[in-house]
Amino acid sequence: MSLQLSVSAAELPTLLDRAPASVRYLSLDCFDTLLWRNTVAPRDVFADLPITGGGIWPRAKAEARARQRQHFETGKGEVPIEAIYRSLKPYADEAEIAAAVQAELDAEARHCYGFAPTVALMEAAKARGLEIIIVSDTYLSDVQLRELIARAAGEEVAALIDRIFVSSAYGIAKAEGLFKPVLKDLGVGPETIFHVGDNKVADQDAPTLLGVNTVHLRQFTSECAQRLRFEASAAAMIDSTVRNTCPAVAPHRPVLSLHGSDDPVVALGHDVLGPVMHAFATWVAAERREMEERTGKPVKLLFLMRDGHLPMQVYRTLFGEGEGAPIELSRFTSRRASFTDARAIRNYLADEGRHGRTDVLSKQLGLNRQEVQKLCRGQLGFEAQERFNKSVQAPQMLRVIADRSAKFADKVMSHLRRAGVNEGDSVMFVDLGYAGTVQNLIEPVLRDRFGINVAGRYLLLRDPEQTGFDKKGLIDERNYDLAAIHALCMPIAVVEQLSTVAQGSVVDYALDGAPIRKDAGQKGLQNAVRERIQEACIGFARNAAEAVVRPAASDGDNCRRAMAVSVLGRFLFMPTAAEVEVLEAFDHDVNLGSDDMVKLVDPELAGTGLKRRGLFYVNQSSRMYLPGELRQHGLPHLLAMFAATRHQFDLRPADFHADTIQLDGFFASATSQTLLPVEAHSTHDGYYQATLPVGAGEYAVGVQLGPLAEWLQIEEAAFHSAAGLHDPIAAAITPAIPAQILCEGMEEVSPGFYRCREDALLLVPPPAKTTEAMVLSLVFRPVVRREPRISMKEAA
């Protein structure tokens, strides 16, 4: 009875401890067992072939044709690589075919590398006196494969291999019985072979039938494998060259295989944030070296808290515990130090002063409560906004604000001195991004008053102002178009929340620069989960160099950047159900000097939005992490949002109306009544929305629902401002007013669920008089539709 095992990558180095005593040969599959590729899928390597427009599709089609022709002629489907290129280039001479084959071998050598756990297994086999053979399903010859192993993994690894058996030489694959000629050529029985490979059918099921001892290498969990596939799709969505003229790269695959986890919290930290933060930290280190060489001065790294906490921890793991210093400069404190003149104050009011929160504006400007009450004369909200803005711009108030801002800047400098920064230093701010707002606000103050040279390095950067400051992003406009960067920025709050430190946002400083923070107000569970995620992320940095014998030649800075984009894009727009479940416990601090907190993920609210507004909801919602909220509704919704956001589709509500229902209704004022048809459009999950104009609280509305349905569910009956129906900002200014509904012929069996007579009528009285035009939004679902009545004439 042969031995059958299933193991993870971490078990490979000691695997021979479990081998039967009869074993004389360690047999290995080659690709994804010994040699791994620096890509998501094998076909990605073909993007590097010198074929106009990209080689993936032509090369794959050529192989399919070659195999089909071979099977037609011989009944066997295995072919050598030369036959594939004769299919691709039917009129090429032998020299051209040889050059094309060599180009593919060079591409493979550029992307392949030796998997360290497998090499450790090979070394253990040699220490036990075993021979090592490679048994591979491949179109390469044994000579070509040995050369590739030597180029990719090293001559010393290739020297450990005694013999190589390839399917192209025998015309049959492992699943078709390749081990029969292998055993014959070796002249041994199956019990002497211990074969290891990643393909369950080819490397275990088939050879086991012949009595070979087999081990199935489980590369990834099913969820990890799905994430990798989706990462390639995200990469192609963001960069149209991916899987055309560029491969979908994945240098993080071996680390995920060796140290991955089924725990969704650990997986989120290690497998998702880990590769991104590792790429970011190594890039920051290179940027620091470049700046020091360019300026001839040491550069002090300053990680901006709170979001810079995780990047700092990863950086210190890679480059030393004392590297970099945390500083607490928030948008709030940086802006408070930036009001150097009347222009800066007026620009702030113009940019931010339309939300009605005079409490937030006053804190930002350094005004106290008594001063605000005097300026606003007791008014609140939007009524106070215009008066506040005008009063603040009085010359005396402008001088007060500027003077207080300068004193606040002195405290900011005291805070920097605590981090080892002195006048005249060169510093590099490190943060997640994404606009470099803190740098924009504080750099002129630090430069002009304290002589400090400032640079900023960010994970993600889209710079809406051409400041000319020294700002770069690992992901920025140098490498990706602005629409792609804008898309990644939209749900970036989730990465900020996972990267932050569990402390309140800084709102002030003591005279000695000690930060004064507001109460964190965060849940203990949230902090505990985040700490586990961050520790797993740091673990990726510790593990990053363990999985490969030596990196693939293609694993450089651009490769790591492309990987970070693919991982971020997948996580931000195609999260897994397990990831969303982890994130549901998180609240997000909006960090504007207020105590405002919002849920990071609110699936219930998203479901309501879809039912009430349909898929257009994703085009106008301002939620923190909308893809996470939409995950429960399936991949089509996520892909639609991803595509619309990334490519900036010009979509209108009417574009999403897939189905309509015509109803009879009427509008009634104090003096008249008008019969009018009512059109309802499909939204989501069987719901429909009808929008009916009611003026400034002038009209009552009636809708005949009985002819439509025997059973009906009402989701919403509310009055919205005409502007706010599809505009979150306008909706916040004029919140919806719940409508009072009156039912005739409608029995409410349970809340919102009605049994309807055929003459059932829904009546909605007008809202109280308003100053703007309003519309009634009626959202309903016909659960059991009423069969249309057939007249005697139609029946005849």
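**Lys 407 and its partner**

I looked up Lys 407 first and found it exposed, with a relative accessible area of 52%. I am working on a predicted model. The side chain of Lys 407 meets that of Asp 403 in a salt bridge, at 3.5 Å from N to O. Asp 403 is partly exposed, at a relative accessible area of 40%. I then checked where the two sit. Both belong to helix α19, residues 395–418. They are four residues apart, about one turn of the helix.

**Arg 570 and Glu 579**

Next I asked whether the partners in another pair are buried or exposed: what holds for Glu 579? Glu 579 is buried, with 2% relative accessible area. Arg 570 is buried as well, and its value is 0%. These two form a salt bridge, and I noted 2.8 Å between the closest N and O atoms.

**Arg 288 and Glu 323**

I went on to a pair that reaches across the sequence. The side chains of Arg 288 and Glu 323 form a salt bridge, 2.6 Å from N to O. Which parts of the chain does this pair tie together? Arg 288 lies in helix α12, residues 264–295. Glu 323 lies in the loop between α13 (309–319) and β10 (325–327). The salt bridge therefore ties together parts that are 35 residues apart in sequence. I also compared accessibility with the 20% limit for buried residues. Arg 288, at 17%, counts as buried because it falls under that limit. Glu 323, at 25%, is partly exposed.

**Salt bridges overall**

I listed the salt bridges and got 48 in the structure. Side chains of opposite charge can pair when their charged atoms come close. Some residues join in a network of salt bridges: Glu 287, Glu 290, Arg 294, Arg 457, Asp 470 and Lys 472. I also looked at the charges of the whole protein chain. There are 86 positive and 102 negative charges, and their mean positions are 3 Å apart.

**Nonpolar cores**

I turned to the nonpolar cores. How many residues does the largest one have? It has 68. Leu 15, Leu 35, Leu 145 and Ile 149 have the most contacts inside this core. I followed up Ile 149, leaving aside neighbours within four places in sequence. Its contacts are Cys 30, Leu 34, Leu 35, Gly 154, Val 157, Ala 158, Ile 161 and Ile 164. Another core, of 66 residues, lies apart from the largest one. Its members include Phe 280, Trp 283, Ile 485 and Ala 643.

**Gln 534**

I picked out Gln 534 in helix α23, residues 524–543. Gln 534 counts as buried, at 7% relative accessibility. Which residues is Gln 534 in contact with, leaving aside its neighbours within four places in sequence? I found His 309, Leu 310, Leu 498, Ser 499 and Thr 500.

**Whole chain**

I closed with the totals. The protein chain has 31 helices and 26 strands. Of its 796 residues, 54% count as buried. Its C-alpha atoms fill a box of roughly 100 × 95 × 50 Å along the principal axes. The accessible surface comes to about 34,300 Å², and 51% of that belongs to carbon and sulfur atoms. I also looked at contacts with a separation of 6 or more; residues 24 or more positions apart account for 73% of them.

Key
Residues are numbered from 1 along each chain as its sequence is written. This is a predicted model: local features need pLDDT of at least 70, side-chain atom pairs count only at pLDDT 80 or more; totals for chains, interfaces and linings use all residues. Side-chain values use heavy atoms; hydrogens and water are left out. A salt bridge is a side-chain nitrogen of Lys or Arg within 4 Å of a carboxyl oxygen of Asp or Glu. Helices (H or I, at least four residues) and strands (E, at least two) are DSSP runs, numbered from the N terminus. Buried means under 20% relative accessible area, exposed over 50%, partly exposed in between (1.4 Å probe, protein chains only). A nonpolar core is a set of buried Ala, Val, Leu, Ile, Met, Phe, Trp, Tyr and Cys residues joined through side-chain atoms within 4.5 Å. Contact means heavy atoms within 4.5 Å. Accessible areas come from the Shrake-Rupley method with a 1.4 Å probe; for residues, only the protein chains shown count as cover. Lys and Arg count as positive and Asp and Glu as negative; His and the chain ends are not counted. The place of a charge is taken as NZ of Lys, CZ of Arg, CG of Asp or CD of Glu.
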